[in-house]
Each structure stands twice: as structure tokens, then as C-alpha cells.
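Visitor: I have this one open in the viewer. Take me through the packing and the odd spots, please.

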Amino acid sequence: SIVQKSRYRMSTIQQKIVSYVIANMQMCDKPSDPVTFRVADFLKDFEMDRSNAMYAYIKENTKAVRDKSVWIDIGEGKSETCSWFTKITWESNGNIITVKIDEAMMKYISNLRERFGMYELSNVARIKSQYSYRLYEYLNSFANLGKPLVVDMKKLKEVMDAVDAYDGSTAEFKRKILDLAVNEINNKTNLRCSYENIKHGREIIAIKFKVKKIKKETKDKDI
């Protein structure tokens, strides 16, 4: 899926906007139809403040998503770039946004049309860290794997958009980014995850994750 193959940089709010647009594709007759949503609904679903400043903030960040491109691995050592959105229409009367998804992007996300229903937005509504959000999306895409997921350190940093963070210090990366992200995912979402180090000598070369989905009413259990 695009979650597993793509590389991009976005803030937490921008990631939530993309998730919201994909989730709302389910309301369209065809995957290629523009997606329209009320900013008030977005703020409510993500449990955010509904001040006038926040409406402007969402408008600004929706445009920021349109201005970004995404590297997508297409196999055989090749990558290609796509944009998320090609056009955004803002209706001041009602604070309504209509988004046209990039045609080139559609082949990667049309198969997520139903999978993002999966991804009840309430599961990520309270996530604050962009690192947590990226890790959640990645682990969630493998949650039905049925076995531990091994991710090498280079790939993990790419997934979490933390390639340049604490470069050369795996211990600092783990303590200040990975551990905090795992903790936030466990406390605020429908995933429960844990991990262990995979070493070559004294060097940590990969992380082995154990991941499972829980129902909201399910009490936390060790995994």
C-alpha cells in the first residue's frame, strides 16, 4: 500500500487532513470524484478547538498538502513522484473544502477507499506527534500480518520521517522518538505494540515489532 511504499514529510495536522480526505472518499460515487467536507466536521472528528483561527489553520494546511509531493517506491529500485491534491476549493460561507485528488495518486489510494473506513478516525484523533502518526499508519497496515514485523533501522527512520533526527545515535532516536511514539500509540489508539532490538554484535540493526488491534472496550493486556 502507499503507506508502506511512500516517503513524504508532513506535519501531524497535514497527515490528518490526508486521512480525512481518503476516509471521505467512501461518500463519493466514484473514487475520482472530488471530496467535500465541512471544516467544522473535521475539527469535531479530531477533537480539536473550533475557533476562527483554527478554520484558517486548516485552510492553510490543506493548501500546504497540495503543494507537497510524495516519493513512491514502484519496484526495481525506481521511485516516482505524485501530489496528493491538484485543486482545492474553499467556500467561506460554511467553511467548506472541496479537494480534487491527483489523478496519478488515485492508483495508489483508490484501494484504500474501504481500508480507511477501517481506520476509524477516532483511533488517531488524539495523536499529537507526527512521528506517532506515521508509525501508527505503518504498523496498522501490517496489523493483520499475524506475526512480528521486522523493520531495519534505516527503513524505520524513513517511515517515521526521522532520517536526520539524532543521526548516529540510535539510543537517542529510540528514547526521544521511538519510545514516545510507541507509548502514544498504546495510550491513544486501537493498536497495542511492543518491540525488541535486533542486533549485529553491539549495533542495533533492526526493530522487531509485535502489533495487535484491540476493540475499544478491551482492557489493555501485555503482548
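Visitor: What is the handedness of the crossing of α2 and α7?

Guide: The crossing of α2 and α7 is left-handed. That term applies when the near helix is turned anticlockwise from the far one by less than a right angle; clockwise would be right-handed. Helices here are DSSP runs of H or I with at least four residues, strands are runs of E with at least two, and both are numbered from the N terminus.

Visitor: At what angle do α2 and α7 pack?

Guide: About 35°, with the axes 8 Å apart; α7 covers residues 130-141. Axes are lines fitted to C-alpha atoms, for helices over the stretch in contact, and angles run from 0 to 180 degrees between N-to-C directions.

Visitor: Which residues meet there?

Guide: From α2, Thr 12, Gln 15, Lys 16 and Ser 19. They meet Gln 130, Tyr 133, Arg 134 and Glu 137 of α7. Contact means heavy atoms within 4.5 Å.

Visitor: Before I go on, what sort of model is this?

Guide: It is a predicted model: local features need pLDDT of at least 70, side-chain atom pairs count only at pLDDT 80 or more, and totals for chains, interfaces and linings use all residues. Residues are numbered from 1 along each chain as its sequence is written, and side-chain values use heavy atoms, with hydrogens and water left out.

Visitor: Fine. How many helices and strands?

Guide: Nine helices and nine strands. Of the 223 residues, 43% count as buried, meaning under 20% relative accessible area; exposed is over 50%, and partly exposed lies in between (1.4 Å probe, protein chains only).

Visitor: Now the sheets. What is the strand order in the one with β2?

Guide: The order is β2-β6-β5, an open sheet with antiparallel pairing. The edge strands are β2 (35-38) and β5 (85-91), each paired on one side only. Two strands pair if DSSP finds at least two bridges between them. Neighbouring strands of this sheet are turned by 20° against each other on average, direction ignored.

Visitor: How many bridges join β2 to β6?

Guide: Four, with β6 being residues 96-101. Arg 38 has Ile 96 as its bridge partner in β6, and Val 35 has Val 99.

Visitor: Which side chains of β2 are buried?

Guide: Val 35 and Phe 37, which point to one face. Thr 36 and Arg 38 point to the other and are not buried.

Visitor: What does α2 touch when it packs on that sheet?

Guide: Helix α2 (residues 12-24) touches β2, β5 and β6, and its direction makes about 115° with that of β2. Helix α4 (residues 52-66) packs on the sheet too, touching β5 and β6, at about 160° to β5.

Visitor: Changing topic. Which residue between β5 and β6 should I look at?

Guide: Asn 95, in the loop between those strands. Asn 95 has a positive phi of about 50° although it is not a glycine. Most residues other than glycine have a negative phi. At 23% relative accessibility, Asn 95 counts as partly exposed.

Visitor: And Glu 47, buried or exposed?

Guide: Exposed, at 52% relative accessible area. Glu 47 sits in the loop between α3 (39-45) and α4 and has a positive phi of about 55°.

Visitor: Back to sheets. In what order do β7, β8 and β9 lie?

Guide: β7-β9-β8, open and antiparallel. β7 and β8 each have a single partner strand, so one side of each is left without a neighbour in the sheet. The twist averages 30° from one strand to the next. Four bridges join β7 to β9 (residues 203-213); one partner pair is Leu 149 and Phe 209.

Visitor: Where is Asn 190?

Guide: In the loop between α9 (170-188) and β8 (191-200). Asn 190 is buried, at 10% relative accessible area.

Visitor: Which side chain has a polar contact with Asn 190?

Guide: That of Tyr 136, at 2.7 Å. A polar contact is a pair of N or O atoms within 3.5 Å; within protein, one must be able to donate a hydrogen and the other to accept it, and residues adjacent in sequence count only if both atoms are side-chain atoms. Leaving aside neighbours within four places in sequence, Asn 190 is in contact with residues including Asn 123 and Ile 214.

Visitor: What does Ala 143 touch?

Guide: Leu 191, Val 211 and Lys 213, not counting residues up to four places away in sequence. Ala 143 is in the loop between α7 and β7 (149-152) and counts as buried at 12%.
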